[in-house]
Amino acid sequence: MDKLFSKNLKYFYNEIPEYYQLIKNIKTRKFKIINNNGLNILDTNTNTYFYPVENNKHLMQEVSELYANNPMKNDLWTKYFLTKELYEYDEKILPITSSIVNKIINISKNSKNFTDGYYYDKKFLYTTSIFGLGCGLHIEYLIEKYDFQSLFIYEPEPELFAISCYFVDWQKAFEKLGNNLYLFIKGNIDTKILKRFYDSKVVTSNFLRLEFTTYNSEKIENAKKEFYLANISNKRGWGSFEDESVGFKNHLQNINKDISILTQTTKIDAPVCVIANGASLENDIKWIKENQNNLILISVGTAIRPLLKAGIHSDFHIEIERMPMLVDILRPSLEKYKGYFVGASVVDTEHFKIAKKPLMFVRDASSTTGVSNFFLNFCSPMVGNTGFSFSCHFSDEIYMCGFDVGFLKNKRVHASGSYYDDKDDTKEGSPVKGNFGDEVMSDDLLNLSRQNLEMTISLLKPKKVYNLSDGAFINGAIPKHSNEIQLKPINKEKFINEIVENFKIDTIKILNYSGFLELYKNKIIELLDKKINNKKELTEVIDLVNDYTLAFLRYEPAVGTLMKGSIWHILNTIYITLHKTSLKVYPKMVKILKKEIKKYKVPKTT
């Protein structure tokens, strides 16, 4: 044991010095290793043992073996399936993507080995998260016996991490798993690392996650909640070639016309109120109306209707939705609206014809990002994120109204007087911390929106952000009730003009993207077209295609964004179906993709 501890210390000293320093700087001795008729850990504060004792024998080793025994069938482990069932896509909505997906599903269902359950490999584990180390011996056993798609370990107690160095060969663990081992010691789980992980393993992490809790504590429960929220958010924002093509065509129709487009952003010396359509907007409508001369008002999405109903015309209204149905929804409001309509270049061109004062911008996370001279960051996944990013780019004092990114249980999600009044506006969700203390509910989309709002604050660093919304707590934003805020009048016209001056008539060069698309498609087939012998190799190939897609996104954003959603849907279908039948049908699936992928073409306006 002492030899292994010394080996670990030396390894951390040379390779991960922050862990070495963490161990060396431990001042307390709350936990003690017991080596008397078996091994155990004693909590000296409570005088209790971590592991059972029977007939005066300490059972740490036996229990650790039990913990590590066959996690796929071990009732001590929790299994979270994100995509559990196969379902065929609607060929009217997604004609090319659905054709490929549905043919792959049919190959699987018509194979003689098809099962309603799943086939797993005995020695391969999927995305695995372990909360609490204890002595860590079960982790040593797991690493000896299994290969992992990825392994996350969270331990809030540095002392227990130090104790694990007597039982876990951490050098061997890192050498075997490499970048697929994530170790969080002390503090909280870093949600930015979780997001980067799910971005890098979009498809394979979307199938199954294994979870084991070694012991319970408040910090561990909070960490599990963060992991769960990051996990479910991974399902969002994939999109499809067909959806992106609509925006791409709209972009080509809208640009290089007589509409001024955002070419830069410069800060104004005035506060901004950005208004979304969460249910709590109703609480602050009166405050907004009373202070409309003291703020630059920026509304987003369906918030325009309750504002107009209250006699409030925001100074700027932002839309990003590309689908044609938005025209009919927004027309009655836009025909009345007196402020500047700021539309993403992907929205239907009809909006710019209806608006009295149209302006345009190019958004990120869209196929149009690469077809622009300047684009606005942090626009995903909802129009509220876009409006908040817009506000952060122009002001250092921001007030958020209706940014609930959550909802009260069994209550409506949106403010009354909006598009959602005659629709079912309730949702199911999971509890998250409320902005004013009480828990609220959140789902995958709202949680992703909250995470991205927090990232926007972290990276753009506005000096003051106040969250007036009675919804989820947003890190970096100060909870504040509107009746606590006193504002002074500003020269609105001056500051509005300063914002508008950032929009210019600009010419955007259009390239021929067909060659880039063919390059991408050919490489995808090359990466997939190989023999697969087991689930580990299948996972590695899917992750490799995922890596290439993300790299291509950086190389050529237009084509990368056009293709990524559909490719992820296709890979997801391949991954799930090959857990329901024999890997022998994989070449047939690749053959289908080889043929059908040719149907993806760069969209044109004519």
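This is a friendly exchange about how the terms used for this predicted model follow from its values.

Reader: What should I know about the model before we start?
Author: It is a predicted model, in which local features need pLDDT of at least 70 and side-chain atom pairs count only at pLDDT 80 or more, while totals for chains, interfaces and linings use all residues. Residues are numbered from 1 along each chain as its sequence is written, and side-chain values use heavy atoms, with hydrogens and water left out.

Reader: How many helices and strands does the chain have, and what makes a run count as one?
Author: There are 21 helices and 22 strands. Helices are DSSP runs of H or I with at least four residues, strands are runs of E with at least two, and both are numbered from the N terminus.

Reader: Why is the chain called as compact as a globular protein of its length?
Author: The radius of gyration is 27 Å, and the globule rule gives 25 Å for 606 residues; the two are close, so the chain earns that description. The radius is taken over C-alpha atoms, and the rule is 2.2 Å times the number of residues to the power 0.38. Along its principal axes, the C-alpha trace spans about 85 × 60 × 45 Å.

Reader: What share of the chain counts as buried, and what makes a residue buried?
Author: Of the 606 residues, 58% are buried. Buried means under 20% relative accessible area, exposed means over 50%, and partly exposed lies in between (1.4 Å probe, protein chains only). The accessible surface of the whole chain is about 26800 Å², with 48% of it belonging to carbon and sulfur atoms; these areas come from the Shrake-Rupley method with a 1.4 Å probe, and for residues only the protein chains shown count as cover.

Reader: What makes a set of residues a nonpolar core?
Author: The members are buried Ala, Val, Leu, Ile, Met, Phe, Trp, Tyr and Cys residues joined through side-chain atoms within 4.5 Å. The largest such core here has 183 residues, and Phe12, Phe161, Trp170, Phe316, Phe388 and Met400 touch the most other members. Helix H20 (residues 557-577) gives the most to this core, with 11 residues. A second, separate core of 19 residues includes Ile275, Ala310, Tyr466 and Leu487.

Reader: Which residues does Trp170 touch?
Author: Leaving out residues up to four places away in sequence, the partners of Trp170 include Tyr11, Phe12, Leu133, Phe161 and Leu183. Contact means heavy atoms within 4.5 Å.

Reader: How do you know whether Tyr146 is buried or exposed?
Author: Its relative accessible area is 5%, which is under the 20% limit, so Tyr146 is buried. Tyr146 sits in the loop between helix H5 (137-145) and strand S8 (147-155). Beyond its neighbours within four places in sequence, Tyr146 contacts several residues, among them Ala68, Pro71, Phe124 and Lys176. The C-alpha atoms of Tyr146 and Phe124 are 5.6 Å apart, although 22 residues separate them along the chain.

Reader: And Ala355: what makes it buried or exposed?
Author: At 8% relative accessibility, Ala355 is under 20% and therefore buried. This residue is in the loop between helix H14 (350-354) and strand S16 (357-361), and Ala355 touches Leu334 and Phe341, not counting residues up to four places away in sequence.

Reader: Why is Ser217 given a label between buried and exposed?
Author: Its relative accessible area is 25%, neither under 20% nor over 50%, so Ser217 is partly exposed. Ser217 lies in the loop between strand S10 (208-213) and helix H9 (218-233).

Reader: What makes the backbone at Phe378 and Lys461 worth a look?
Author: Most residues other than glycine have a negative phi, and most peptide bonds are trans. Phe378 has a positive phi of about 60°, and Lys461 has a positive phi near 55°. Phe378 is in the loop between S16 and H15, and at 18% it is under the 20% limit and so buried. Lys461 is in the loop between H16 and strand S20 (464-467); at 61% it is over 50%, so Lys461 is exposed.

Reader: Where is there a cis peptide bond?
Author: The cis bond joins Ser380 and Pro381, with omega about -5°. Pro381 belongs to the loop between S16 and helix H15 (383-394). Both Ser380 and Pro381 are in contact with Asn452, which is in helix H16 (residues 444-460). At 11% relative accessibility, Asn452 is under 20% and so counts as buried.
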